[in-house]
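This report is meant for someone meeting this structure for the first time. Please keep the sequence and the three-dimensional view at hand while reading.

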Amino acid sequence: MKALRLDMNIFIEASAGAGKTFTLTKRYCAILNDFAQKFIKNPNQPKKGPANILVITFTRKAASEMTDRIFEDLKCLLLDQNLKAVSYTHLRAHETVLDLV
């Protein structure tokens, strides 16, 4: 799925209930995990973290939901567990993902 490719900046547009918040949460955690893995392989490179990621949502409810999900996913990563399986069938049918690079 294009929304989870980490080699590009993206914009996600989809209808209500399509899974935008879920997708952004998974992408955010995947980016943080990628930063950590790269730093482990090469500790001399500049350190990157949450300050290097911009996530924008339009409602406080979505922001709160994302925060809760991010903490749950980060807890899984810290315990060396895989993130929960991702099912994107619905979002994929309705998404618009723009490459902003």
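What follows goes from the overall architecture to individual residues, their surroundings and their charged partners.

## Overall architecture

The model shown here is predicted, and the descriptions below should be read with that in mind. The protein contains 3 helices and 2 strands, and, read from the N terminus on, these elements follow the order β-α-α-α-β. Of its 101 residues, 27% count as buried. The protein exposes about 7,400 Å², of which carbon and sulfur atoms supply 55%. Among the contacts with a separation of 6 or more, 66% are accounted for by residues that are 24 or more positions apart.

## Helix α1 and its surroundings

Helix α1 spans residues 20-41, and Arg27 is one of the residues in it. Does the charged side chain of Arg27 have a salt bridge or no salt bridge? Arg27 is buried yet has no salt bridge, and the nearest side chain of opposite charge, that of Asp7, is 6.8 Å away. A salt bridge requires a nitrogen within 4 Å of a carboxyl oxygen, so a distance of 6.8 Å does not qualify. Leaving out residues up to four places away in sequence, Arg27 touches Ala3, Leu4, Arg5, Leu6, Met8, Asn9 and Ile10.

Thr25 is also found in helix α1. With a relative accessible area of 1%, Thr25 is buried, and, once its neighbours within four places in sequence are set aside, Thr25 is in contact with Met66, Arg69, Ile70 and Asp73.

A further pair of residues brings together distant parts of the sequence. Glu65 has its place in helix α2, where, at 28% relative accessibility, Glu65 counts as partly exposed. Although Glu65 and Thr21 are 44 residues apart in sequence, the distance between them in space is 7.6 Å, C-alpha to C-alpha.

## Cysteines

How many disulfides does the count come to? With a disulfide taken as a pair of cysteine sulfur atoms within 2.5 Å, the count comes to 0 disulfides. Cys29 is in no disulfide, the nearest cysteine sulfur being that of Cys76, 9.0 Å away. Likewise, Cys76 is in no disulfide, with the sulfur of Cys29 as its nearest at 9.0 Å. Cys29 is buried, with a relative accessible area of 0%, and Cys76 is buried as well, with a relative accessible area of 13%.

## Salt bridges

Side chains of opposite charge can pair when their charged atoms come close. A search of the whole structure finds 5 salt bridges, and the table sets out some of them, including their N to O distances.

| Residue pair | Distance (N to O) |
|---|---|
| Asp7 and Arg5 | 2.8 Å |
| Lys38 and Asp34 | 3.1 Å |
| Glu72 and Lys75 | 3.7 Å |

In the salt bridge between Asp7 and Arg5, Asp7 is exposed, with a relative accessible area of 56%, whereas Arg5, at 41% relative accessibility, counts as partly exposed. Both residues have already appeared around Arg27, since Arg5 is among the residues that Arg27 touches and Asp7 carries the nearest side chain of opposite charge to Arg27.

Lys38 and Asp34 both lie in helix α1, 4 residues apart, a spacing of about one turn of the helix. Lys38 is partly exposed, with a relative accessible area of 46%, and Asp34, at 25% relative accessibility, also counts as partly exposed.

Glu72 and Lys75 belong to helix α2, and because they are 3 residues apart there, about one helical turn separates them. Glu72 is partly exposed, with a relative accessible area of 42%, and Lys75 is likewise partly exposed, with a relative accessible area of 45%.

## A nonpolar patch on the surface

Which residues form a nonpolar patch on the surface? The patch is made up of Leu54, Ile56 and Phe58, which together have about 450 Å² of accessible area. Of these residues, Leu54 lies in the loop between α1 and α2, the latter helix spanning residues 60-78. Leu54 is exposed, with a relative accessible area of 71%.

Conventions: Residues are numbered from 1 along each chain as its sequence is written. This is a predicted model: local features need pLDDT of at least 70, side-chain atom pairs count only at pLDDT 80 or more; totals for chains, interfaces and linings use all residues. Side-chain values use heavy atoms; hydrogens and water are left out. Buried means under 20% relative accessible area, exposed over 50%, partly exposed in between (1.4 Å probe, protein chains only). Contact means heavy atoms within 4.5 Å. Accessible areas come from the Shrake-Rupley method with a 1.4 Å probe; for residues, only the protein chains shown count as cover. Lys and Arg count as positive and Asp and Glu as negative; His and the chain ends are not counted. Patches are made of residues with over 30% relative accessible area and no salt bridge: like charges are joined within 9 Å, nonpolar side chains (Val, Leu, Ile, Met, Phe, Trp, Tyr) within 5 Å.
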